[in-house]
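Hi there,

I'm passing a structure on to you, together with some notes on what turned up in it. Have a look at it first, and then read on below.

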Amino acid sequence: VALVFLILQGFYPSSNVKRFEVPENKVAWYIEYSEYKPIEYTAPNIKGKPWADPDIGEISFKPNWNTIDGNVNRKSFTSDYVINKNGYPLNPIGRTGIIGRGLLGRWGPNHAADPIVTRWKQDIIGVAEVNKDTKKPILQFVAIQRQDSGEWAIPGGMVDPGETISATLKREFMEEAMNSLKKKKAEREKLEKSIRKFFGQGEEIYKGYVDDPRNTDNAWMETVALNFHDQNNSVVGNIKLVAGDDARNVKWMDIDRNLNLYANHSEFIKKTAEKLDAHW
Ligand code: RP5
Ligand code: MG
Ligand code: MG
């Protein structure tokens, strides 16, 4: 909740809309807060987009909440969310100061997947680097710099309707860290083949709500984050990284406790470092 509170101050991303300020002790819905006057905001450009829901109240829009609705997953990892008396789903964490969808396409949970690709840091002759204080090997992960906020992040993205999580993980990694969208079909297939086996073996690190700056009272991010680890720099540890799609930059980033990443991605990286017994 402390983190949620920090992110929710100030302006909604890519807008001049100021959030209604919610004190930390008034975030939870069960706490009475009659002074609460959230600001309504849905970004104008999401209207009519194939990846976005229609507005609530439109005759044709009959969402089935808290369930797999056709090929759109409207289930939350947290628990069943509440639909208010006007028909709007409520953010399971609480008040955000904004109603509407903001920049998000779906009402309720917006599902993403985050590939955490790691390798051990090595010097030029291939010797693993150990931190002198913790005596633990230094882990690196593939980080992208987001086009929207300029912050560094895991190269994750939205799960397309009907898409499996494992397909999303590999596709988003290819788009953001290998620039696959700008490659010809044959080359893209070659790239996919070169990492297919590696992406076949991931370990789940996190599943749940994401403390994303785009969250509102009625729309929020959730993710599944998996770790794909290259133990001896033989597969992805060796590929050429090229930023693409919504990434402006990509690199192998050293992992330690000073990481400052988008949303609560640092939390996912910390869990990964702990799992692999790496320096943190
Ligand atoms: C975060 O937003 C998720 O953890 C994921 O990394 C990302 C997905 O959104 P886009 O990168 O598609 O904007 O909440
Ligand atoms: Mg993407
Ligand atoms: Mg992305």
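Glu172 and Glu176 sit four residues apart in helix 2 (residues 165–177), about one turn of the helix. Helices here are DSSP runs of H or I with at least four residues, strands are runs of E with at least two, and both are numbered from the N terminus. An α-helix has 3.6 residues a turn, so residues three or four places apart point the same way.

Before the rest, a word on the ground rules. This is a predicted model, in which local features need pLDDT of at least 70 and side-chain atom pairs count only at pLDDT 80 or more, while totals for chains, interfaces and linings use all residues. Residues are numbered from 1 along each chain as its sequence is written, chains are lettered from A and ligands numbered from 1 in the order in which they are written, and side-chain values use heavy atoms, with hydrogens and water left out.

**The two magnesium ions**

Both of those glutamates coordinate the magnesium ion (ligand 2) through OE atoms, at 2.1 to 2.3 Å. Donors are N, O and S atoms within 2.8 Å of the metal (3.2 Å for Na, K and Ca), and as water is not among the atoms, sites may look incomplete. The magnesium ion (ligand 3) has Gly156 (O) and Glu176 (OE) as its protein donors, lying 2.2 Å from it. This pair links distant parts of the chain, 20 residues apart: Gly156 is in the loop between strand 7 (152–153) and strand 8, and Glu176 is in helix 2. Glu176 bridges the two ions, ligand 3 and ligand 2, which lie 3.3 Å apart.

How accessible are these donors? Glu172 and Glu176 are both buried, meaning under 20% relative accessible area, where exposed is over 50% and partly exposed is in between (1.4 Å probe, protein chains only). For Glu176 the relative accessible area is 1%, and Gly156 is buried too, at 11%.

**Helix 2**

With 13 residues at 1.5 Å a residue, helix 2 should span 18 Å, and its end C-alpha atoms are indeed 18 Å apart. The expected span is 1.5 Å times one less than the number of residues. Besides the two glutamates, the buried residues of helix 2 include Thr168, Leu169, Lys170, Phe173 and Met174. Among the elements that cover the buried residues of helix 2 are strand 5, strand 6 (139–146), helix 3 and strand 11.

Asn179 follows helix 2 and has a positive phi, near 55°. Asn179 belongs to the loop between helix 2 and helix 3 (185–196) and counts as buried at 17% relative accessibility. Asn233, in the loop between strand 10 and strand 11 (247–254), also has a positive phi, near 50°, and is buried with a relative accessible area of 13%. Most residues other than glycine have a negative phi.

**The largest pocket**

About 1,000 Å³ of space lies in the largest pocket. A pocket is an open set of points on a 1 Å grid over the protein atoms alone, where a 1.4 Å probe fits, with protein on both sides within 12 Å along at least five of seven lines; lining residues have an atom within 4 Å of a point. Grid points are joined across faces, edges and corners, and the volume is the space filled by probe spheres set on the points.

The lining has 45 residues, and His111, Gly157, Met158, Val159 and Met221 lie nearest the centre of the pocket. Strand 3 (72–73), strand 5 (108–120), strand 8 (157–158), helix 2 and strand 10 (219–230) each give two or more residues to the lining. Which element gives the most? That is strand 5, with six residues.

**Other places to look at**

Asp69 is in strand 2 (residues 68–69) and is buried, with a relative accessible area of 16%. Leaving aside neighbours within four places in sequence, Asp69 is in contact (heavy atoms within 4.5 Å) with Pro63, Asn64 and Arg74.

Gly94 lies in the loop between strand 3 and strand 4 (98–102) and counts as buried at 1% relative accessibility. With the same neighbours left aside, Gly94 is in contact with Val27, Trp29 and Asp217.

Gly126, in the loop between strand 5 and strand 6, counts as partly exposed at 35% relative accessibility.

Best wishes
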